[in-house]
Amino acid sequence: MATGQPASPLRCDVLVIGGGNAGLCAALAAREAGASVLLLESAPRSLRGGNTRHGRNLRLAHDHPTLWQHGCYTAQDFWGELVRVTGGVTDAALSHQMIAASADAAEWMHHHGARFEQPARARKTAFLRGGGKALLNAYYLTAERLGVSILYDCRATELLMQDGKVERVTVLHDDTHGLVHPHAVVLACGGMQANADWRADVWGEDAAQVVIRGAPHADGRLLRHVLDLGAMATGDAKLAHVVAIDARAPVSDGGIVTRIDGINLGIVVDQHGRRIIDPRGCTGPEQYAIWGGLIAQSPSKIAYAIHDANSAAMTRPSIYPPICAPTLDALAVRLGIDPQALASSAEGTTLCVPPFSGTPMRAGLTFAYLGVRIDATARVQSNLFAAGMAMAGNILGRGYLAGIGLTISTVFGRIAGQHAARCAGLW
């Protein structure tokens, strides 16, 4: 494994930019195809892996029970749910390709070190044992064993093109620039969600009120650079996967433990104590994402999930304890909202058993849908390929399905790595 400041110039068959699940799958697939592979991770080793660090499961089609999923979840089931959540804003051919390829993804992952929980309740998704960090650790060990070179704290800053082909890539480490000469490049460095300036350009002043759930290194600079070079865009930068998270969460990297579930079991009020109602009446597994959007659209950009003893007992706790009080009036005082308004909002509901609790919530951004368009080989153009959130907009034009992020990055990471190796003339 190579670490530290990159030499100049470096040469490799396949350069993978990004050290999360998509980049690792691409690196492993390319290396097993015979390519020499260099992987660049912009984060330090201790924070490697981007949003994958916060992952926990992936959605897999299967026609019969597996070691990690019970029952069956057919390709038709998967496709039907994807169409429902995206409203049809998805590339059908690429989506069907992903769904078909998901059937053997868990077996491939297991072969490369991933471990899964037993299927106690999982039918649609397989749950990672140890979560995303354990997956990353396993993949990095496998990559090192196979001879993938890895550079941490190393950012690709510019793709130097000639006749539509990437000839050289400028990299930056400790304020020192170097050059990499690859035969093929895989863009797997995530989206633009952690770029405050870009978010402000797209969403205006509302962007400042959004917390980033994932890694702070996904700044989208290389994505914008690739788009400026002529890559076709897919997805809408104004749309994003936003969920309800605890307002006390850190400004980035809080992950899934800060997500608020069970919101529909109580009521939601704004900072004035006025009730916010979900117009879709969603009570399914996507409801936390529905509330994220509603909070983002509210004037105050903050809301409170209010529960009584009965509804609180049915909710999954976040990492922060709720704020509790023996009466609704006392809870309102603790939350800093109007007691009379809260009492009015709770009137006629089932909130009647003390103690009462409230959780402050704000919108948490997971990823934006903007990315680059790819073909069936994960090719963007010539010798440039993409995987993961950099191209997820091809599948998710809007909406979300639990576990689909890791599915997209696993499937198209493998495809990108294999075809990048082929592009480099290995097979």
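Visitor: What makes the disulfide count in this predicted model 0?

Guide: A disulfide needs a pair of cysteine sulfur atoms within 2.5 Å. By this rule the count is 0.

Visitor: How do you know that C154 is not bonded to C12?

Guide: The closest cysteine sulfur to that of C154 is in C12, at 11 Å. The cut-off is 2.5 Å. C154 is therefore too far from C12 for a bond.

Visitor: What rules out a bond for C189?

Guide: Distance again. The closest cysteine sulfur to that of C189 belongs to C154, 12 Å away. That is too far for a bond.

Visitor: Why is C154 called buried, and C189 partly exposed?

Guide: Buried means under 20% relative accessible area, and partly exposed runs from there to 50%. C154 has 2%, so C154 is buried. C189 has 26%, so C189 counts as partly exposed.

Visitor: What makes the protein as compact as a globular protein of that length?

Guide: Start with the make-up: 12 helices and 19 strands. The radius of gyration is 22 Å, and the globule rule gives 22 Å for 427 residues, so the protein is as compact as a globular protein of that length. The C-alpha trace spans about 70 × 50 × 35 Å along its principal axes.

Visitor: How much of the protein is buried?

Guide: Buried residues are 55% of the 427. The accessible surface comes to about 17,400 Å², with 52% of it on carbon and sulfur atoms.

Visitor: What share of the contacts links residues 24 or more positions apart?

Guide: Among contacts with a separation of 6 or more, the share is 74%.

Visitor: How are the charged side chains divided, and how far apart are the centres of the two sets?

Guide: There are 37 positive and 35 negative side chains. The two centres lie 4 Å apart.

Visitor: What makes the phi of D153 notable?

Guide: Most residues other than glycine have a negative phi. D153 is not a glycine, yet has a positive phi of about 50°. D153 sits in the loop between strand 5 (149–151) and strand 6 (155–162).

Visitor: Where does D163 lie, and what is the sign of its phi?

Guide: D163 is in the loop between strand 6 and strand 7. Its phi is positive, near 55°, and D163 is a residue other than glycine.

Visitor: Why is D163 called exposed, and D153 partly exposed?

Guide: Exposed means over 50% relative accessible area. D163 has 77%, so D163 is exposed. D153 has 38%, so D153 is partly exposed.

Visitor: Why does H173 count as buried?

Guide: H173 has 7% relative accessibility, and the cut-off is under 20%, so H173 counts as buried. H173 belongs to strand 7 (residues 165–173). H173 and R155 are 18 residues apart in sequence, but 6.7 Å apart in space, C-alpha to C-alpha.

Visitor: Which residues of helix 7 are buried?

Guide: In helix 7 (residues 221–228) they are L222, L223, H225, V226 and L227. Just after helix 7 comes G230, with a positive phi of about 115°.

Visitor: How do you know that the peptide bond between P354 and P355 is cis?

Guide: By its omega, which is about 0°. Most peptide bonds are trans. P355 lies in the loop between helix 11 (339–346) and strand 16 (356–368).

Key. Residues numbered from 1 in each chain as written. Predicted model: local features only at pLDDT ≥ 70, side-chain atom pairs only at ≥ 80, totals over all residues. Heavy atoms only, no water. Helix = DSSP H or I, 4+ residues; strand = E, 2+ residues; numbered from the N terminus. Rg over C-alpha atoms; globule rule 2.2 N^0.38 Å. Buried < 20%, exposed > 50% of the residue type's maximum accessible area, 1.4 Å probe, protein only. Contact = heavy atoms within 4.5 Å. Areas by Shrake-Rupley, 256 points an atom, 1.4 Å probe, with all protein chains shown as cover. Lys, Arg positive; Asp, Glu negative; His and termini not counted. Charge placed at Lys NZ, Arg CZ, Asp CG, Glu CD.
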